[in-house]
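Colleague: Could you talk me through the calls made on this model? I would like to see the reasoning behind each label.

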Amino acid sequence: MADVLQEVQQQGQEVRPDSPRNLPPPEAFMQKFRLYETRSNFYMVGRDKSRMYWKVLKIGRLEPSELHIQEDPTTYNERECSDLLKRIHEGNIATGGLTFVTICYGIVGFIKFLGPYYLLLITKRRQIGTICGHNVYAISKSQIIPIPNSAVRSSTVNYKNENRYKKLLSMVDLTKDFFFSYSYHVMRSLQKNVCDNRTGKVLYETMFVWNEFLTRGIRNFLQNTIWTVALVYGFFKQATLSISGRNLKLTLIARRSRHYAGTRYLKRGVNEKGRVANDVETEQMVLEDVSEGLPVQISSVVQNRGSIPLYWSQETSRLNLKPDIILSKRDQAYEATRLHFENLAKRYGNPIIILNLIKTIEKKPRESILRAEFANAIEFINKDLSEENRLKFLHWDLNKHSRSKKTNVLLLLGKVAVYALTLTGFFYCQVTQALTSDEHLAWPCFEKGVAVDTFDPKYSNIDNVKHNDDENEDSDDLDRKTCGVNNISNGNQFVGPSMVQKGVLRTNCIDCLDRTNVAQYAYGLAALGNQLHALGVTTSTKIDLDDPLAEELMSFYERMGDTLAHQYGGSAAHNKIFSERRGQWKAATESQEFLRTLQRYYNNAYMDAEKQNAINVFLGHFQPQPGKPDVWELDSDQHYNVRRNGRSTLEENGRDTPPIPTRVLFTAMHRSKYIEHENGEAIDWSNFVDLDWLSSSANSCEEELLERSMLSASPTAVLSSDNVINEMARETTSSASECGSSTMGREHTGSYLRYGEARKTEIVEGFSDIFVHWVMNGEALCH
């Protein structure tokens, strides 16, 4: 039988040689598809939202274990496409003709286990939000369809194992926490989309597209992405708020990295490429909700969470709720840790601010072991970095301070958030919604680029900025892109200068779930006040913790925390601080926390191994092969990593030079600014500052005056942790003011989160000279 598709294509070109249908359609313009089948082929027909452009994809069904795809280069109109399908039906009438299979909304990908290829489709979708006129969707229903027809399927395939792989794949539930957009690049931040409007398959190669492996074959063969959708895994929530008579859209997005992805005890720490477990980018957007065609002000801020970037693990135990923490590889040069922070700098720019929330002192050292090793790693890496690019390491034992009734954890974390936001800035600009029918992504023209290293991210216009927004972290040689946006006048009202974020706050605890989520909310609240101020909605950059808007934002972060915790830890997050903030009954909170602990324990001990296998198959980290061991026959992912790293658990526990316990390390800091490392080298701790000044209430005037006299006596003295602890304590304690110290900064002790405004020299007005020195010179804070 002649190829009907080719025949109709040729006839159509002969009839209408000047037809505009042959022009290439806009990238990612198709949104709805219909799948048909004959005995020998699948035919997928796709169209755009306006029903103007129609295209056809043919998938062969006669090969038992190979994939054959052919895209018709012709763009049809609706009538021509209908005629084509009619001819295909007539040409195949002897073998059953052309049969309709399903309506679908995009290809998730193709996958092969031990036998045939399968086609993964989105068959139902639901809209969950809109960004600048571009719709964002979640998946309501998906379908996996074997490609070969039943007559040619191989009889040699072990279909028992084949079906087990299919069941394993179904454990990655596409209807939960996956989202996509046809016209907006949801795998990238708003700032990256505005500053670098990339299109095509390069976007699939980014770290947040979870079906990169599944779509790799069709993308590489067709050299386009119009048939597939890029799935992001994480969290998406949007709501419309009315503030001061203006409608705004508040959007919270979490994007989970596909690199080193997995479950709590099977994915810990870092791998050789610098990828960390539970790596999640969180973006908070505030957008004006205006009519189509009008200029719209947009703002976003990005923060990051991720496992402590060291080689460490915890063995899953059915007998122990808190397994021992094991440093499973001793990397003297901290190469993997260095790679991780180099990647962060590449993605976000500098400074990289690390907020470490793990425990400092424990009866049995667990978290404190990592605390000491993490500090060693940062100090070691900073030796090779220029002063302006040094990692800024802040430590605050959230668990210890949350137990104190006198400590307002959210307020104190808010102070840290304000300083971090002061250093990195946030993104703000005004754009014209050139196209709001989500046919394709359209942004204003960019111009006047300058070197990225010559601007202050908080006060520079984007039209004078060149910023490295390389998102494809798997390629290190991408060209730097120019980021520029024209300032737009809205009638007679001039909108303020555009701003970009440069640098990022990276927060971690042990699991990067519960404590981390609280800190991320504090940062989000500090950022929200500044975003609203930039949009001209409010006259102040501060939001009271008791403000209804703060409550609304807390519900966003609480929901995000629960979702991310389910994905990685197997239960909802421990939200004790949020529950207490809402005044929830203590007994009810404790009962809820206990049940979540049990749920997390059960899933970690009994379910995570299979869940990890499912993730590895979905992401292509494990590809089944006939005659080779199946994924469930192998040891756990973590065991494999330990053996691959060349050390067993016994070797690590039996080494001659265990890590310095945290309590010993930091007690010694009171005696000297140097500490003897395991290899005999002295470590300079001048880059580290204790954040306990935030909640200190026992500093005396004598201690403060002593520290001041020490600094005055030695103008060239190195900034030590004790200097800053005592210098900053006066600003957060009542005893300092009673002793006659300066009242500058008292406004920062209330329940407000303030962001520095105006000139750079005024950013930290009201704070000590020591802290000004840290802000201006990039000193690091830690405990």
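**Labels and their reasons**

Colleague: What makes you say that helix 11 is largely enclosed by the rest of the structure?

Modeller: Of the 22 residues of helix 11, 16 are buried, so the helix counts as largely enclosed by the rest of the structure. Buried means under 20% relative accessible area, exposed over 50% and partly exposed in between, with a 1.4 Å probe and protein chains only. Helices (H or I, at least four residues) and strands (E, at least two) are DSSP runs numbered from the N terminus. Please remember that this is a predicted model, in which local features need pLDDT of at least 70 and side-chain atom pairs 80 or more, while totals for chains, interfaces and linings use all residues. Residues are numbered from 1 along each chain as its sequence is written, and side-chain values use heavy atoms, leaving out hydrogens and water.

Colleague: How do you know that the length of helix 11 agrees with its expected span?

Modeller: The expected span is 1.5 Å times one less than the number of residues. For residues 548–569 that gives 32 Å, and the end C-alpha atoms are 30 Å apart, which agrees. At the start of helix 11, a side-chain oxygen of D547 comes to within 2.7 Å of the backbone nitrogen of L549. After the helix comes G570, with a positive phi near 95°.

Colleague: Why is S300 called buried?

Modeller: S300, in strand 13, has 1% relative accessibility, so it counts as buried.

Colleague: What makes the pair S300 and E283 a polar contact?

Modeller: Their side chains are joined at 3.1 Å. A polar contact is a pair of N or O atoms within 3.5 Å; within protein, one must be able to donate a hydrogen and the other to accept it, and residues adjacent in sequence count only if both atoms are side-chain atoms.

Colleague: Why is strand 12 described as largely enclosed?

Modeller: In strand 12 (residues 280–288), 9 of the 9 residues are buried, so the rest of the structure largely encloses it. V280, T282, Q284, V286 and E288 point one way, and E281, E283, M285 and L287 the other.

Colleague: How do you know that strand 12 pairs with strand 11 and with strand 13?

Modeller: Two strands pair if DSSP finds at least two bridges between them. Strand 11 is joined to strand 12 by 9 bridges, antiparallel, and R256 stands opposite V280. Strand 12 and strand 13 share 8 bridges and also run antiparallel, with T282 opposite Q303.
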